[in-house]
There are 2 protein chains.
Amino acid sequence: MKFIDKLNSRVEHNGSLLCVGLDPDLIRLPVHVRESEAPYFMFNKAIIDATAELVCAYKPNSAFYEARGAAGIEELQLTCAYIQEKYPSIPIILDFKRGDIGNTNKQYARFAFEYLGVDAVTIQPWCGAEAVKAFLDYKDKGIIVLDRTSNPGAGELQDLSVGGQQLYLKVAENVRDNWNKNGNCLLVVAATYPKEMAKVRTLVGPDMVFLVPGIGTQGGDLAAVLAAGLNKKKTGLIINVTREIIFAGTGKNFAAAARDKALSLSAEINKQRGVT
Amino acid sequence: MKFIDKLNSRVEHNGSLLCVGLDPDLIRLPVHVRESEAPYFMFNKAIIDATAELVCAYKPNSAFYEARGAAGIEELQLTCAYIQEKYPSIPIILDFKRGDIGNTNKQYARFAFEYLGVDAVTIQPWCGAEAVKAFLDYKDKGIIVLDRTSNPGAGELQDLSVGGQQLYLKVAENVRDNWNKNGNCLLVVAATYPKEMAKVRTLVGPDMVFLVPGIGTQGGDLAAVLAAGLNKKKTGLIINVTREIIFAGTGKNFAAAARDKALSLSAEINKQRGVT
């Protein structure tokens, strides 16, 4: 099944555009979890069981697992396997922002699509389409190209003018025209830049889905994002929230606190979308 | 000790600008190695012992280890630990081309500098200097920014004109003026684009070191690269060769074949540098 079909089917099924980022951080885990043998997996498992019916996707960021070395990678694998077994209709986006040249990207793709078996990945634009063909050739996977990032200094390169067009728009245009031959491309467009998001939506049309970081801790404005990015079907966005949900509670009841936060966020998104 | 001092001291000590890429690939390993319990570590160990006196640095690319999941990451760690223990004067460059926003880059930096303990890393330019501060703040490490990559399609973004200057030159200029406040930045400038390398050298001056991929299998021309990139001291380049060296032999004597190839390459580099 293609990633985009799996995502659309999930959104149709439960009406949620909320994606939960699974980025554990040892010092922020409840003490009883931190001291368990596989703390990241135990933490994720509880968060997943508490939020599964409220999400359209999960998005682990590989950095948080790599920080713990081989043990962390094993816990990332266990997390993906758990979702695949228990909640097979929920797509997994591996946020790993890789981007090398062809021969090497084949290896990164093996990590994502064979070892972990995820449904989609984030990649870098810097080396061009030819370099990332190894990713783009996975027709059934979602290939999410970093376009407009959420950080305050995102504009250093992304806002530069190339022939009268800003670089993040040029990248979006290239993805639309050349990278997306298999219809499997998405874009990262951050919630902290709603004006820029509106321009990207106009440029690429209604069908390309945006992965949207920056709501929550990073301060993105939900109403502005929905106004800028939704298509006429009131979809086209995967709204990721991480810390505000997964670290909503700090004690024994952290999973229930995460569920409450996910519930209120997905309800708020749907209220503002005009969907009930 | 700062990366750049460790590198310079190594180059002074053995006169070599050759860096060997440690990118094992299961299907290309000699059968007797492939069937061992830790094939990548066994392979690397033999390559390292055979080539140590001929190199200025080793450069494992994390993709090849990630492709084998947690087991691969463990072998990457064993490889780094082996170099650190047996050849502590040889710097290790982790080629992982990461680039996320601040909070996440801290985790990637932990993987590189704490779990693996490497001396330098490669990073992406797309999110700007503010995003990669977590890397730049490691004053003693080498932070190698992807500038001009070796692939045929590198120009898709890198050659775009921004205010009359090509984008890869703009990145080099930004690194020179803003990213390099701790004097710990280097640039990736590929051997397959010697004309572009000459422009980057002119722009950033003689002291910034370039990590140079693309000699060997990828077809970069050594004489052109040396003419374009060497500074007046006949240094300033880390010339990486991977497949042509590590896969020089396919049987029991693969390490000796790698040594022979590394020996002839480092001699050829020095002959063309006019250093004996």
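At what angle do the axes of helix α3 (residues 39-51) of chain B and helix α13 (residues 254-273) of chain B cross? The legends below start there. The model shown is predicted.

**Figure 1. Helix α3 meets helix α13 in chain B.** The two axes cross at roughly 40 degrees. They come within 8 Å. Angles under 35 degrees count as roughly parallel, and this crossing makes α3(B) oblique to α13(B). The crossing in which α3(B) passes α13(B) is right-handed. From α3(B), the contact takes B:A46, B:I47, B:D49, B:A50 and B:T51. From α13(B) come B:A255, B:A256, B:A258, B:R259 and B:A262. By class, the residues of this contact are seven nonpolar, one polar and two charged.

**Figure 2. Helix α3 meets helix α5 in chain A.** Here helix α3 (residues 39-51) of chain A packs with helix α5 (residues 69-86) of chain A, their axes coming within 9 Å. The axes cross at roughly 25 degrees. Therefore α3(A) counts as roughly parallel to α5(A). The crossing of α3(A) and α5(A) is right-handed. On α3(A), the residues in contact are A:Y40, A:F41, A:N44, A:K45 and A:I48. They meet A:G72, A:E75, A:L78, A:T79, A:Y82 and A:I83 in α5(A). Six residues of this contact are nonpolar, three are polar and two are charged.

**Figure 3. An open sheet of eight strands in chain B.** The strand order is β2-β1-β10-β9-β8-β5-β4-β3 (chain B). The pairing is parallel. Which strands stand at the edges? They are β2 (57-60) and β3 (93-98) of chain B. Each has a single partner strand, so one side of each is left without a neighbour in the sheet. On average, neighbouring strands of this sheet are turned by 30 degrees against each other, direction ignored.

**Figure 4. Strands β4 and β5 of chain B, side by side.** Strand β4 (residues 120-123) of chain B runs parallel to strand β5 (residues 142-148) of chain B. Four bridges join them. Look for B:T122: the residue opposite, in β5(B), is B:I144.

**Figure 5. The open sheet of chain A.** Eight strands form this sheet, with parallel pairing. Their order is β2-β1-β10-β9-β8-β5-β4-β3 (chain A). The edge strands are β2 (57-60) and β3 (93-98) of chain A, and each pairs on one side only. From one strand to the next, the twist averages 30 degrees. Within the sheet, strand β1 (residues 18-22) of chain A pairs with strand β10 (residues 237-241) of chain A. Three bridges link this parallel pair. A:V20 faces A:V241 in β10(A).

**Figure 6. Chain B against chain A.** How many residues does each chain bring to the contact? Chain B gives 43 residues and chain A gives 44 residues. Several elements of chain B each supply at least two residues, among them α4 (62-66), α5 (69-86) and α9 (167-179). The most comes from α6(B), with seven residues. The side of chain B that touches chain A holds 20 nonpolar, 15 polar and eight charged residues. Of the interface residues of chain B, 100% are also interface residues in chain A, so the copies meet through the same surface.

**Figure 7. Laying chain B on chain A.** A turn of 180 degrees, with a shift of 0.0 Å along the axis, lays chain B on chain A. The RMSD is 0.0 Å. The two copies are therefore related as by a two-fold rotation axis.

Definitions and conventions
Residues are numbered from 1 along each chain as its sequence is written. Chains are lettered from A and ligands numbered from 1 in the order in which they are written. This is a predicted model: local features need pLDDT of at least 70, side-chain atom pairs count only at pLDDT 80 or more; totals for chains, interfaces and linings use all residues. Axes are lines fitted to C-alpha atoms, for helices over the stretch in contact, and angles run from 0 to 180 degrees between N-to-C directions. Angles under 35 degrees count as roughly parallel, over 145 as roughly antiparallel, 65 to 115 as roughly perpendicular and the rest as oblique. A crossing is left-handed if the near helix is turned anticlockwise from the far one by less than a right angle, and right-handed if clockwise. Two residues are in contact if their C-beta atoms, placed from the backbone, lie within 7 Å. Ala, Val, Leu, Ile, Met, Phe, Trp, Tyr, Cys and Pro count as nonpolar, Asp, Glu, Lys and Arg as charged, and the others, Gly among them, as polar. Copies are superposed by least squares on the C-alpha atoms of residues with pLDDT of at least 70 in both. Two strands pair if DSSP finds at least two bridges between them.
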